[in-house]
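Here's a quick briefing on how two chains meet in this model. Take a look at the sequence and the structure first.

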Amino acid sequence: MINIYLLLFIQFFKIGVFSFGGGYATLPFLYEIAEKFHWYSISQLTDMLAVASLTPGPVGVNMATYAGFTTSGIVGALSATFAVMLPSFIIVSIVFKILHRFKSNLYIQRVVKALKPAGCALLSAVGIKLVFTANLHLIGTLILIVFLISGFIKKRDPIFYLGVSAIIGLIIGNLHWIGV
Amino acid sequence: MYNKFMDKSFFSIFKVFFKIGALLLGGGYVILPLLTSELAQKKGWLTSDELCEYYAISTSLPGIVAANVAIFTGRKLLGTKGAIAAIVGVTLPAFVAIILLASVLTEIVHFKSVNYIFWGVGIGVITLLFLAVKEMWHSCITDKWTSAIYIVCLLLALSGKFSPAIIVIFSILVGLITQFIKSRRIKND
């Protein structure tokens, strides 16, 4: 059996190499890990995403640290966090040296242009999958729709949605409308 | 007198990025204004034009954007040593916060009300995700070609048969091949 630290390292190194688009770009990969390795469940992933939005630092780092820590403690956390950063370190260092050629290269421009919709599609797919796996019930689905409409009309701080949904969850849960 | 252009040592770079990392709430999106205020306005180490350029390139590279920008600026300030100072600095607050929280989380999930809150917050998270998709949409899907890539990748991802890495490689190939065909056409004309 492969050492768990090595496995964590490989999986998070892969995220560092293949995630494009910033912010939630690591999410499709984290979702895949949840399905494949069960280091955390899908519902733990959304919990963690909420926590990551409320704690300092990039979401990708938060998730790497969390996944590493829950699977194999502090060494696992270090291993996964280091692994997710390492590709960035190598790639940025190379690009830094060839900055001007990098920017003017037509092939690179075209690849970047192709990667953006791909990243957007991957994130859309995770969103759709989450709607079906998150055990939202009818009431949760309705709240989601209201949130989305309100978000499309007016841009708000992420804390707004997390705060309001936390309060709604607390109320609905205590009224026993849902069986969580 | 306080010297605004103080020396760029390993530790001073680490300190600035640690501060930025600690202030980086709600994801990496806010790193550019933070960098501009800390590095351009307060320290005068870099211009905001340089920072904007690094940020723009960072978003087109793989990995975590905030980490990429930190490595770029650190490298510009003090070479490899600067890059290490920046990346460790920007990561450390996130790392510590999560370790502390994860330890608490395993204890508090036994409370019923905590589970209710997490159920509710799940809805908030999915909302944020779709809103992020909407934001990306405006900058990503600009013509027929990009729309086609979006649709194909979405179908591949939803089929559940392809790992995200495969889909990323697929889109890189599409980009390379399209450009190859285009270049040849221009040559032939």
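How much area do chain B and chain A bury between them, and what part of it is on carbon and sulfur atoms? This is a predicted model, and in it the two chains bury about 8500 Å² between them, with 80% of that on carbon and sulfur atoms.

**The interface between chain B and chain A**

- On the residue side, chain A puts 100 residues into the contact and chain B puts in 91.
- Polar contacts link 14 residue pairs across the two chains, counting pairs with both residues at pLDDT 80 or more.
- You'll also find three salt bridges between chain B and chain A.
- One to click on is B:Asp143 with A:Lys113, whose side chains form a salt bridge at 3.0 Å, N to O.
- On the chain B side, α1 (10–23), α3 (48–59), α4 (65–108), α5 (112–140), α6 and α7 each supply at least two of the residues that touch chain A.
- The largest share of that side comes from α5(B), with 25 residues.

**Helix α7 of chain B**

- Helix α7 (residues 164–188) has 25 residues, so at 1.5 Å a residue it should span 36 Å, and its end C-alpha atoms are indeed 36 Å apart.
- Its buried residues are B:Pro164, B:Ala165, B:Ile167, B:Val168, B:Ser171, B:Gly175 and B:Gln179.
- The cover over those buried residues includes α1 (4–18), α2 (27–37) and α6 (106–133) from chain A, along with α6 (144–159) from chain B.

**Domains of chain B**

- The assignment splits chain B into domain 1 (1–108), domain 2 (111–138) and domain 3 (141–189).
- Between the C-alpha centres of domain 1 and domain 2 of chain B there are 27 Å.

Conventions:
Residues numbered from 1 in each chain as written. Chains lettered and ligands numbered in written order. Predicted model: local features only at pLDDT ≥ 70, side-chain atom pairs only at ≥ 80, totals over all residues. Heavy atoms only, no water. Helix = DSSP H or I, 4+ residues; strand = E, 2+ residues; numbered from the N terminus. Expected span 1.5 Å × (residues − 1). Buried < 20%, exposed > 50% of the residue type's maximum accessible area, 1.4 Å probe, protein only. Contact = heavy atoms within 4.5 Å. Domains from an automatic or database assignment. Buried area = accessible area lost by both parts, 1.4 Å probe. Salt bridge = Lys/Arg side-chain N within 4 Å of Asp/Glu carboxyl O. Polar contact = N/O pair within 3.5 Å; in protein donor to acceptor, adjacent residues only side chain to side chain.
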